[in-house]
2 protein chains.
Amino acid sequence: MTSTTMDTGKSYHKQATGAAFETVQQHATDQDITLFAGCFCPFVQRVWVGLEYLEIPYKVYEVDPYKKPQELLELSPKGLVPALRLNGYVPPRALNESTVILEYLEDLASTSTKRSLLPPLSDPYARALVRLQSDHANRTLVPAFYRYLQAQDPDAQIAGGKEFLDAVETLVGLFERADVEVGGTGLWKEGGELGLADILVGPWLFRATNVLKHYRGLELPRGPKFDGWLNRLFQHPAFKCTCSTEELYLDSYERYAFNRPNTSQVANAINAGRGLP
Amino acid sequence: MTSTTMDTGKSYHKQATGAAFETVQQHATDQDITLFAGCFCPFVQRVWVGLEYLEIPYKVYEVDPYKKPQELLELSPKGLVPALRLNGYVPPRALNESTVILEYLEDLASTSTKRSLLPPLSDPYARALVRLQSDHANRTLVPAFYRYLQAQDPDAQIAGGKEFLDAVETLVGLFERADVEVGGTGLWKEGGELGLADILVGPWLFRATNVLKHYRGLELPRGPKFDGWLNRLFQHPAFKCTCSTEELYLDSYERYAFNRPNTSQVANAINAGRGLP
């Protein structure tokens, strides 16, 4: 699980490719919601999948997150994507933080498209189990991904790989608990539908299958239930249409894999032993 | 803002005092929900205030969080308080993580007591502003509290104080934004009611007025709006009835203030530059 590739100096991409490129093209006209996006950013992908699944109209505005346009800085104090501009207000309003935006979209859909990323309000315990999964994804699995990818010496890479796989295993344990206690949640349940936890964790597991595999030799756990879940997630129309081609991810994450200075605010926070920005 | 007190070797308390002691006594009979509590723990206080405000029946079970009873370990994988045991199920079910529990209580109240910690679903943007405040409290302000309190050398204490006060200032900025954009949220709004962000941040601001003041000489910012908010929060019946006497907090946090080894899982995570457990 150690890296054998060399830093070739590749730069990040600024425009989506493949299926994601098509989706950007289809969302080029003005709407009440503008999504400020960066093509390789997994936090952006969360919101993008949410918009698609909840069937909320939106326009995509792809920005270079390292050459932040003034329009983005006006929306997001840290200049981070994803950010939403809500054009229905005068002056327009703004939201940032992927988890906050997803909860907003969930609330919005509850009175418009009637779609939802959570079990129904009549089952608060099932909703709580999804929130436990989501909390684990945010606070443990996602930081472990970056610590692993940014680890440079072999011992740290081995420890990082173990930590990331432990986080995946704990997530699976939470999914299995939901099977036993409420008959399953999200896509882990065969025949289930895309849910909040699937969306919150999906972009990093997707990058585990390309970026971590390429730069760290990671193999995700195998098994019929896990494979079935990953397959349902990655093939879900709302997820699939936000994915670029593999080359985009490999190129864009080379900076992280070699822990180049000033790779991103996320990378800096991990290097400093701080929470994600 | 540097510490001048000496480590006198005081131990943490195991039982609430003052108003909180009375409240424990009043919640000693079996209910569908048992709250596993530790008397000085701010994460516990969040849930406790939520139960009180939402008027959900509960029993309090005070545990020594460092001599975890088997009953707690069965509920909470990390052995952390707060945990809920849901006695209405056979076998009983469990929930942990203060933020997850609060969302659960919010969902539960929506179909029972009809009380709520959030703006109505008809105003998704106002709800999102409260979630932005909450996200900031969880990810920035709370870790800053511990980094500051555990900092030992004077430079680190000065940096810690600045970081904590910056986090308070950012929170105030988010409250002010809600004033402008949606006419105010939670108790920041004069005449408002206790809200999710007030509860999520309240226990640490309360400990800022006793623990940080005593061990670090911290003075919170002053001003009519800030003072008014703090006063409404600390005097709110649902908050006040969960507060012990000052001595309990000063004694219980001495371990943190001198960063004694093995103070807690929270302290260890901060020392290791990791997210909170």
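The legends below describe close-up views of a predicted model with chains A and B.

**View 1. Two copies related by a rotation.** Chain A superposes on chain B after a rotation of 180°, with 0.0 Å of shift along the axis. The RMSD of this superposition is 0.0 Å. The two copies are thus related as by a two-fold rotation axis. Within chain A, G273(A) has the C-alpha nearest the axis, 2.1 Å from it. Both copies use the same surface: of the contact residues of chain A, 100% recur in chain B.

**View 2. The second largest pocket and its lining.** The volume of this pocket is about 420 Å³. Its lining counts 23 residues. Which of them are the closest to the centre of the pocket? They are L121(A) and R127(A) from chain A, with D107(B), L121(B) and R127(B) from chain B. Four helices each supply at least two residues of the lining. Chain A contributes α4 (98–110) and α5 (124–150). Chain B contributes α4 (98–110) and α5 (124–150) as well. By class, the lining divides into 13 charged, six nonpolar and four polar residues.

**View 3. Packing of α2(B) with α4(B).** Helix α2 of chain B spans residues 42–54. Its axis and that of α4(B) are 9 Å apart, at an angle of about 5°. Angles under 35 degrees count as roughly parallel. The two helices, α2(B) and α4(B), are therefore roughly parallel to each other. On the α2(B) side, the contact is made by F43(B), R46(B), V47(B), G50(B), L51(B) and L54(B). On the α4(B) side, the residues are S98(B), T99(B), I101(B), L102(B), L105(B), E106(B) and A109(B). How do the residues of this contact divide into nonpolar, polar and charged? Eight are nonpolar, three are polar and two are charged.

**View 4. Packing of α2(B) with α5(B).** Here the helix axes come within 13 Å and cross at roughly 135°. That makes α2(B) oblique to α5(B). From α2(B), the contact residues are P42(B), F43(B) and R46(B). From α5(B), they are N138(B), V142(B) and Y146(B). This contact divides into four nonpolar residues, one polar and one charged. F43(B) and R46(B) also take part in the contact of α2(B) with α4(B).

**View 5. Cis peptide bonds at P82(A) and P82(B).** In chain A, the peptide bond from V81(A) to P82(A) is cis, and omega is near 0°. P82(A) sits in the loop between α3 (70–75) and β3 (83–86) of chain A. In chain B, V81(B) and P82(B) are joined by a cis peptide bond. Omega is about 0° there. The loop that holds P82(B) runs between α3 (70–75) and β3 (83–86) of chain B.

**View 6. Positive phi at E55(A) and K114(B).** E55(A) is not a glycine, yet its phi is positive, about 60°. Where does E55(A) lie? Its place is in the loop between α2 (42–54) and β2 (59–62) of chain A. K114(B) is likewise a residue other than glycine with a positive phi, near 65°. The loop between α4 and α5 of chain B holds K114(B). Those two helices of chain B also supply residues to the lining of the second largest pocket.

Note on methods
Residues are numbered from 1 along each chain as its sequence is written. Chains are lettered from A and ligands numbered from 1 in the order in which they are written. This is a predicted model: local features need pLDDT of at least 70, side-chain atom pairs count only at pLDDT 80 or more; totals for chains, interfaces and linings use all residues. Side-chain values use heavy atoms; hydrogens and water are left out. On a 1 Å grid over the protein atoms alone, a cavity is a set of points where a 1.4 Å probe fits but cannot get out, and a pocket is an open set with protein on both sides within 12 Å along at least five of seven lines; lining residues have an atom within 4 Å of a point. Grid points are joined across faces, edges and corners, and a volume is the space filled by probe spheres set on the points. Ala, Val, Leu, Ile, Met, Phe, Trp, Tyr, Cys and Pro count as nonpolar, Asp, Glu, Lys and Arg as charged, and the others, Gly among them, as polar. Axes are lines fitted to C-alpha atoms, for helices over the stretch in contact, and angles run from 0 to 180 degrees between N-to-C directions. Angles under 35 degrees count as roughly parallel, over 145 as roughly antiparallel, 65 to 115 as roughly perpendicular and the rest as oblique. Contact means heavy atoms within 4.5 Å. Copies are superposed by least squares on the C-alpha atoms of residues with pLDDT of at least 70 in both.
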